[in-house]
Number of protein chains: 2
Amino acid sequence: MRPLVHPAIEDISVEGIMHALSDPVRVAIFADIAMSNCSQNCTSFSSVEDKAIPKSTLSQHFKSLREAGLIRSERLGVEMQNLSRCGEIDKRFPGLLPAILSAHKIQNDARQHTAKTGRKKSIRAVAK
Amino acid sequence: MRPLVHPAIEDISVEGIMHALSDPVRVAIFADIAMSNCSQNCTSFSSVEDKAIPKSTLSQHFKSLREAGLIRSERLGVEMQNLSRCGEIDKRFPGLLPAILSAHKIQNDARQHTAKTGRKKSIRAVAK
DNA sequence: TTCAGTTGTTCTGAAAATAAGAACTATTGA
DNA sequence: TCAATAGTTCTTATTTTCAGAACAACTGAA
């Protein structure tokens, strides 16, 4: 088992962050970690739609977040402690993560609302 | 030639935006369009490192930005007019795009600086 | 008109990234 | 020592992305 890789703060890139957070499961995981600022296990996470995600896939997702510099993972016995690196990143890119997390929350709230009121999700895209 | 597809504002997703801006060429293009808020041709764009990008690839990049909802493209004779949709998006996700653009600028400035002072880009990642 | 030049799109095959089952590693507690 | 738990790595199938080649749409000149 090879050691966990964490980029130095100056090697964290905007593109890397964007890419890591371009996956619905990964933003959800990261939002969880960043908001609660508590650990969050790797293998137990059911996505937004409550479908179980294979643990190999989750492991890869955590790896992506880690190697993008968004979280810091530390082995704690058999489990993993995952903490967000928001503080560090906010010094380098002020306001970036708060803005993304806030947008994510806005979108989630809107989705929950439309799910409750039963509005059909409009897939229609305006063609010109 | 099929019509250009633009998502309605309520169909623009954070993940979609993140994904579109997770590519160095695409952020660069988008930053250009958003900053200058002027058109920006599709086929003439040399990336950050000044290497020419094939026009088919550029066309795809513009398509990605368009379908993520970040830009609005309109055929103007033989050319294309590309405008950012920052205004609309800022109403739905306040502060998101400004934060990303600002982070992108910070990173670019830092890169230019290290390129000038010749500091070797440290790829080293702290292994634990 | 017709034709060449320009701008951008679409098609296509190769290369790269992602997803998830299966096998494996590491740690703990009985 | 062994079973249980938490994660990782290997591997293959699928999906995305890249970029050359062919194509489509418009313009301006002959």
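1. The two copies meet through the same surface, because 100% of the interface residues of chain B are also interface residues in chain A. Contact here means heavy atoms within 4.5 Å, and on that basis 38 residues from chain B and 38 residues from chain A take part. Please keep in mind that this is a predicted model, in which local features need pLDDT of at least 70 and side-chain atom pairs count only at pLDDT 80 or more, while totals for chains, interfaces and linings use all residues. Residues are numbered from 1 along each chain as its sequence is written, chains are lettered from A in the order in which they are written, and side-chain values use heavy atoms, with hydrogens and water left out.

2. Now to the symmetry. Chain B is superposed on chain A by a rotation of 180 degrees with 0.0 Å of shift along its axis, at an RMSD of 0.1 Å (a least-squares fit on the C-alpha atoms of residues with pLDDT of at least 70 in both copies). That is the relation of a two-fold axis. In chain B, the C-alpha nearest the axis belongs to B:M18, 2.5 Å from it.

3. On interface size, the area buried between chain B and chain A is about 3200 Å², and carbon and sulfur atoms give 58% of that area. Buried area is the accessible area (1.4 Å probe) that two parts lose on being put together, summed over both.

4. For charged pairs, the rule finds 2 salt bridges across the interface of chain B and chain A, each being a side-chain nitrogen of Lys or Arg within 4 Å of a carboxyl oxygen of Asp or Glu. One of them joins the side chains of B:R111 and A:E15, at 3.8 Å from N to O.

5. Which elements supply the chain B side? Those giving two or more residues are β1 (5-7), α1 (14-20), α2 (24-36), α5 (96-117) and β4 (125-127) of chain B. The largest share, 8 residues, comes from α5(B). Helices (H or I, at least four residues) and strands (E, at least two) are DSSP runs, numbered from the N terminus.

6. A look at the fold of a single chain may help too. Chain A has 5 helices and 4 strands, following the pattern β-α-α-α-β-β-α-α-β along the sequence. Of its 128 residues, 42% count as buried, meaning under 20% relative accessible area (1.4 Å probe, protein chains only). Among contacts in chain A with a separation of 6 or more, 64% are between residues 24 or more positions apart.

Definitions and conventions. Buried < 20%, exposed > 50% of the residue type's maximum accessible area, 1.4 Å probe, protein only.
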